[in-house]
Amino acid sequence: MIKTNSKDCIKCKHYKNYYKSSECYCEKGYCVKKNKNTKKKMTMKKILSIIALSIAVMACGGKTNLETALIQAGDNRAELEKVLNHYAVDSLKYKAACFLIENMPYHYYYTGEEVDYEKQFFKMLHETALSPEVIADSLNRGRMNEQFGRTELKYDIREVDSVYLVHNIDWAFKVWREQPWGKKVSFENFCEYVLPYRVGDECPVEWRERLYDKYNSLLDSIRLKPESVFPWIVADALLDSLKKRSPRFVSYSYAKHSAGPEIADWLSGNCEDLADAFTYICRSLGIPSGCDEMLMRGDNNVPHYWNFVPDDHCD
């Protein structure tokens, strides 16, 4: 049973053993004060931002996807054009850059104090044997909820710079071309499942080179075998090696946002968090990978996530 300092809290009809009052609200098991006006203002701000982008899309009727994306970039257009000019003489990398830029208008991320708090949760989950509930309590979950409205929504198309994109593209091509399994990965699957610079709504940061240096040696033994040309066989070997590092699974992670590439270091969290970690590690090594979702399990009222590896040469 979850304790609360509010004397007016009552048992919430929506959540078993959760509590709320007229001044509190339930947030994944914690009864905390909420500022209704602040939350409404932030919600309206996000809605208006989405409407503005939608209007921009409709105003670009008849244009190519690349032109539409560049228009939506606003002041960031010059940065994206630097990337295109950089790869003007490399047709394949130019196509890869176009793929990323054309898809940017649909992606966004959050920054703010709550996001930072949640990263601390995953870090402590990895470094200690404390339960998720104790960790969340030690990080003052109530304060996190009060600060939820302080997160800032940012759109990739208006924020991602040329240096970041070029580094991401160059490293993605490096691992695709140098690994033996890269020969079995089509350009289409490379763009979809190796090239993307993140997997969720986390802030874009550098990760490819660091994770490559950390995990590439795990595949040294299979790299010399004939079956190393098949990405799914290599992914299976990688997973076996990662299991020896004792990843920590918890059924609930107390986080609203994706942890980012650091989750590949911590290897801790629920099924979605661990699927994100494996996706990051696979992509850093040139193995195409993504995450599938089952919206509701048959034996429980919760979703489930797992990884997949596409194979262009299945019989």
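These notebook entries record what I looked up in a predicted model.

**Entry 1. The nonpolar core**

I began with the largest nonpolar core, which has 71 residues. I noted the residues with the most contacts inside this core: Leu165, Phe190, Leu238 and Ile287. Helix α9, residues 162–178, gives the core its largest share, 9 residues.

I then took up Leu165 by itself. Which residues does Leu165 touch, if those up to four places away in sequence are not counted? I listed Leu80, Val83, Leu100, Ile101, Met104, Val160 and Tyr197.

**Entry 2. Helices α3 and α9**

I turned next to the packing of α3 against α9. In general, the angle between the axes and the distance between the axes describe two packed helices. For α3 and α9 I recorded an angle of about 35° and axes 8 Å apart. Their crossing is right-handed.

Which residues meet here? From α3 I noted Glu79, Leu80, Lys82, Val83 and His86, and from α9 Ser162, Leu165, Val166 and Ile169. Leu165 thus appears again in my notes, on the α9 side of this contact.

**Entry 3. Helices α2 and α3**

Helix α3 spans residues 77–86, and I also examined how helix α2, residues 65–72, packs against it. The two axes come within 8 Å and cross at roughly 140°. Why do I call α2 oblique to α3? The crossing angle makes it so, since an angle has to be over 145 degrees to count as roughly antiparallel. I recorded the crossing of α2 past α3 as right-handed.

On the α2 side, the residues in contact are Leu66, Leu70 and Ile71. On the α3 side, they are Arg77, Leu80, Glu81 and Leu84. I marked Leu80 in particular: Leu80 meets residues of α2, and Leu80 is also among the residues that meet α9.

**Entry 4. Helices α13 and α15**

My third helix pair was α13 with helix α15, residues 271–284. The angle is about 125° and the axes are 11 Å apart. That angle makes α13 oblique to α15. Here, too, I recorded a right-handed crossing.

The contact is made by Ala235, Leu238, Leu239 and Leu242 of α13 together with Phe278, Ile281 and Cys282 of α15. I had already met Leu238 as one of the residues with the most contacts inside the largest nonpolar core.

**Entry 5. Salt bridges**

How many salt bridges does the structure hold? I recorded 11, and I looked up several of them.

Lys123 pairs with Glu127, and their closest N and O atoms are 2.8 Å apart. Both residues lie in helix α5, residues 113–127, and are 4 residues apart, about one turn of the helix. Lys123 counts as partly exposed because its relative accessibility is 30%, which falls between the cut-offs of 20% and 50%.

Asp220 and Arg223 form another salt bridge, at 2.7 Å from N to O. These two are 3 residues apart in helix α12, residues 220–223, so about one helical turn separates them. With 41% relative accessibility, Asp220 is partly exposed.

Arg210 forms a salt bridge with Asp265, with 2.5 Å between the closest N and O atoms. Arg210 belongs to helix α11, residues 208–215, and Asp265 to helix α14, residues 263–266, so this pair ties together parts that are 55 residues apart in sequence. Arg210 is partly exposed, at 35% relative accessibility.

**Entry 6. Positive phi values**

I looked up two residues that have a positive phi without being glycine. Ser246 has a phi of about 55°. Ser246 is in the loop between α13, residues 231–243, and β7, residues 248–249. The phi of Leu267 is near 45°. Leu267 is placed in the loop between α14 and β8, residues 268–269.

Which of these is buried, and which is exposed? Ser246 is exposed, with a relative accessible area of 59%, whereas Leu267 is buried, with 9%.

**Entry 7. Asp156**

I closed with Asp156, which lies in helix α8, residues 156–159. Its relative accessible area is 0%, so Asp156 is buried. Apart from neighbours within four places in sequence, I listed its contacts as Asn76, Met104, His107, Tyr108, Tyr109, Tyr197 and Arg198. Of these contacts, Met104 and Tyr197 are also touched by Leu165.

How values were computed: Residues numbered from 1 in each chain as written. Predicted model: local features only at pLDDT ≥ 70, side-chain atom pairs only at ≥ 80, totals over all residues. Heavy atoms only, no water. Core = buried A, V, L, I, M, F, W, Y, C linked by side-chain atoms within 4.5 Å. Buried < 20%, exposed > 50% of the residue type's maximum accessible area, 1.4 Å probe, protein only. Contact = heavy atoms within 4.5 Å. Salt bridge = Lys/Arg side-chain N within 4 Å of Asp/Glu carboxyl O. Axes fitted to C-alpha atoms, helices over the stretch in contact; angles between N-to-C directions. Parallel < 35°, antiparallel > 145°, perpendicular 65-115°, else oblique. Left-handed = near helix turned anticlockwise from the far one by under 90°.
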